[in-house]
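Student: Could you take me through one part of this model in close detail? I would like to follow a helix from end to end.

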Amino acid sequence: MVKPGKVKIFPASLLWRTLIVIVAALGLSQAASLWLLHEHVTLPRMALAIGQFVSHLKTISAALQTMTAPQQQEFISRIAEKEGIRIVPLRGTERMRPAADVKSMQLFRDRIRELFGEQADVYVRGGDLNASGEHRPEVLWVRLPAGERDFWVAFPRGRIERDSLSALIAWSIAGLLIAILATFFIVWKLTRPLSDLARAAVKLGQGGDPPPLEESGPAEVRAVARAFNEMKEGLKKNQRDRATFLAGVSHDLRTPLARLRLEVEMLENKVDPATRAAIIDDVGQMNSIIDQFIDFMRSEASEPLAPVNLSELARNCAERAARAGVDVHCELDDVPVLMLRPLAMQRLTDNLIANAARHAGGKILVRTTNDGAEATLSVLDRGPGIPVDMVERLKEPFTRRDASRSGSSGAGLGLAIATRVAAIHSGRLQLLERDGGGLEARVSLPAAA
């Protein structure tokens, strides 16, 4: 849970966390690789290429010094034709700008100064737009002494440096794309069974019966899926054994209880009427407790979903309780039809009404509301209510707090059954303090249930 006032920066998803880690690791790895490549491969190769080209310039300078003017013209033409190098006599009116002081230019400038003196430098022309609006490529110019006459030597920038930026960008993008695709594939293969496990665990926790998980993926994930499947089967077996046990006990108890009630009825003139009525009432409570045991062991999740009008269901339950002598009234809203388990929801409503009648007595109100996002079913009474610290405990099976209500006893399963039924419908049961005193048992269900 994110604390108020704090921004959650690092994502919670395993996919995005893994992606961030891998991309960050790849970025650092590429940065280190590029630095090593630059220091131990690119720079030495650049220095070698510059040294070879400077030696070539030295040869050109020496050749021009030994040639006559006609020979120089023929030599210059051949150089331009074969190697793409322009050689023009120095006039002194050329407009040049010094080349940028980058690493390749520094190496080239240092080498030509070693050969041709400190006055030697590298100049650049081009890189702008010509009269027709076309971009002119940059050309490097070097002043080359050749005896009594100096020359300008013009050559493409690529003769001493290579534009590796586009290749590095393409390499980085390709590496990142490969890393992202590989991460999505690996993490998807890992998280898909984990997501299935999470959904199955939620369904199992809500009282459902999820299908067995596919035991696929890495060995650790397969082990978790296998353990979950074995746990689910163990829980189902325990539930079946418990249901069989309680069903057997309930069946065996009903016969002597029915016989006991019949015998009490036959003692009409031999037992005090008040004692006889108390015995009959006790037998009825024992039958009611047995019914609650059976209801608690029943699996509501096995009942199929069906369209249910919640207000109509609440009205029918209230009318049935009224026929049994409960003072119950309704305030029913227009609630959309929901996909519910009808018998389970009827059991929930009957339990809440019976719980209110048993512990509070007096007038009971059944209310339905709809706010668009949730539909609610509430049973309200004017009893003593429930202490706040006991609310969650009373939703657990076989938990009672007679002193909190009127001292009536029971099996302590009514609220547990209602809580479980609400959970399998992705809803929740709340025990709230009613305005003006009393208790509101509110069941909230998603409107799209």
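**A close look at helix H2**

Tutor: Happy to! Helix H8 (residues 342-359) has 18 residues and reaches 26 Å from its first C-alpha to its last, close to the 26 Å expected at 1.5 Å a residue. This is a predicted model, and H8 makes a handy starting point before we turn to H2. Buried residues in H8 include Ala344, Met345, Leu348, Leu352, Ile353 and Ala356; polar residues are on that list too, among them Arg347, Thr349, Asn351, Asn355 and His359. Just past the end of H8, Gly361 has a positive phi of about 70°.

Now for H2 itself, which spans residues 69-83. Its 15 residues cover 21 Å between the first C-alpha and the last, close to the 21 Å expected at 1.5 Å a residue. Four of its residues, Gln72, Phe75, Ile76 and Ile79, are buried. These residues lie on the same side of H2, because they take up an arc of only 100° around the axis. The spacing behind such a pattern is a general one: an α-helix has 3.6 residues a turn, so residues three or four places apart point the same way.

What does the face of H2 turned away from its buried side carry? There you will find the exposed residues Pro70, Glu81 and Lys82. If you follow the chain just beyond H2, you come to Gly84, whose phi is positive, at about 70°.

Terms used:
Residues numbered from 1 in each chain as written. Predicted model: local features only at pLDDT ≥ 70, side-chain atom pairs only at ≥ 80, totals over all residues. Heavy atoms only, no water. Helix = DSSP H or I, 4+ residues; strand = E, 2+ residues; numbered from the N terminus. Expected span 1.5 Å × (residues − 1). Buried < 20%, exposed > 50% of the residue type's maximum accessible area, 1.4 Å probe, protein only. Arc of directions from axis to C-beta.
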